[in-house]
Amino acid sequence: IADSIIIWFDTYSNMIFAIGKGPSTTTITATPKAITMGETTVIEGTVLDNSPGTKDSKIALRFPKGVPVVADECVGNWMLYVYKQFPKPSEVTGVWVKLDAVNLYTGECIEIGGTHTDETGMFTVAWQPPKEGLWKIIATFPGSNSYYPSCAQTSITVTPAPAPAPTPASPEQVQEVRSVIDALQPLVTSLIVIVVICICLVAYDIYVNRKMLKQFTK
């Protein structure tokens, strides 16, 4: 044992192993990257084992997408499965991933929450941003007794929702408006007649006054 690393020769596989706390790698993506206010984006990513042993060609061929990080209670049987080709454990628990978001326009930071990875190392969450702006989304694996922590980030943009289109009138509304117009038609006609009469009276009054003025001037 040196520097918290256990070195031993394994007679089962005829190999020398080093056991210690391993590095992890977290990835994250968001789809779609551009949404309007009120829409939802899907956040997904992985937490993978980045230990030197996972780079071995025999391991890489069996796990082309990477070796998933698992919970401490599953590590023993999981390592036997990965490195010694023991049967895959029937129950595998992933690790907790914390998700946060920062609005780069306002500096506001909010907690989205979090979720556990599955046996493939993948996590996924649906999120609806509360405000417009450019959001940076951060995924953090806080680490465990078996793995060091890691984090990753991505971003999305949230634009204002388009103005709602005007709702066309229903046939009932059209009929109601038409009924009101038909009911007001006699009143409108009467008002027009009164206005025409008033104009005629004013014109006649002007004519009479001018005629009288001419008589006085003579």
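**Exercise 1. Place Gln-85 and say whether it is buried or exposed.**

Step 1: Start with location. Gln-85 sits in the loop between helix 2 and strand 7; helices (H or I, at least four residues) and strands (E, at least two) are DSSP runs, numbered from the N terminus. Keep in mind that this is a predicted model, where local features need pLDDT of at least 70, side-chain atom pairs count only at pLDDT 80 or more, and totals for chains, interfaces and linings use all residues. Residues are numbered from 1 along each chain as its sequence is written, and side-chain values use heavy atoms, with hydrogens and water left out.

Step 2: Check the backbone. Gln-85 isn't a glycine, yet it has a positive phi of about 60°, and this comes just after helix 2.

Step 3: Now accessibility. Gln-85 counts as exposed because its relative accessibility is 61%. The cut-offs: buried means under 20% relative accessible area, exposed over 50%, partly exposed in between (1.4 Å probe, protein chains only).

**Exercise 2. Which residues of helix 2 are buried, and what do they pack against?**

Step 1: Walk along helix 2 (residues 75–84) and pick out the buried ones: Val-75, Trp-78, Tyr-81, Val-82 and Lys-84.

Step 2: Recall some helix geometry. An α-helix has 3.6 residues a turn, so residues three or four places apart point the same way.

Step 3: List the partners. The buried residues of helix 2 pack against strand 1 (6–10), strand 2 (15–19), helix 1 (57–62) and strand 6 (67–68), with contact meaning heavy atoms within 4.5 Å.

**Exercise 3. Describe how strand 1 and strand 2 are joined.**

Step 1: Count the bridges. Strand 1 and strand 2 run antiparallel and are joined by five bridges; two strands pair if DSSP finds at least two bridges between them.

Step 2: Find one partner pair. Ile-7 has Ala-18 in strand 2 as its bridge partner.

Step 3: Look at the turn. The two strands make a hairpin with four residues between them, and Asn-14 in that turn has a positive phi of about 60°.

**Exercise 4. Characterise the largest pocket.**

Step 1: Get the volume, about 780 Å³. On a 1 Å grid over the protein atoms alone, a pocket is an open set of points where a 1.4 Å probe fits, with protein on both sides within 12 Å along at least five of seven lines; lining residues have an atom within 4 Å of a point.

Step 2: Name the centre. There are 29 lining residues, and the closest to the centre of the largest pocket are Phe-17, Ala-18, Gly-53, Met-79 and Tyr-83.

Step 3: Assign elements. Strand 2, helix 1 and helix 2 each give two or more residues to the lining, and helix 2 has the largest share with six residues.

Step 4: Sort by chemistry. The lining divides into 16 nonpolar, seven polar and six charged residues. Here Ala, Val, Leu, Ile, Met, Phe, Trp, Tyr, Cys and Pro count as nonpolar, Asp, Glu, Lys and Arg as charged, and the others, Gly among them, as polar.

**Exercise 5. What is the strand order of the open sheet of five strands?**

Step 1: Read off the order, 4-11-10-7-8, with mixed pairing.

Step 2: Spot the edges. Strand 4 (34–36) and strand 8 (109–116) each pair on one side only.

Step 3: Zoom in on one pair. Strand 7 (residues 96–103) and strand 8 are antiparallel over seven bridges, and Asp-100 stands opposite Glu-111 in strand 8.

**Exercise 6. Which side chains of strand 9 are buried?**

Step 1: Split the faces. Side chains alternate along strand 9: Phe-123, Val-125 and Trp-127 point to one face and are buried, while Met-122, Thr-124 and Ala-126 point to the other and are not.

Step 2: Find the neighbour. Strand 5 is joined to strand 9 by six bridges, running antiparallel, and Thr-41 stands opposite Trp-127.

Step 3: Step past the strand. Pro-130 lies in the loop between strand 9 (122–127) and strand 10 (133–141). Pro-130 counts as partly exposed because its relative accessibility is 43%. Leaving aside neighbours within four places in sequence, Pro-130 is in contact with Met-37, Ile-110 and Trp-135.

**Exercise 7. Find the cis peptide bond and place its proline.**

Step 1: Scan omega. The bond from Thr-31 to Pro-32 is cis, with omega near -5°.

Step 2: Place the residue. Pro-32 is in the loop between strand 3 (24–31) and strand 4.

Key. Grid points are joined across faces, edges and corners, and a volume is the space filled by probe spheres set on the points.
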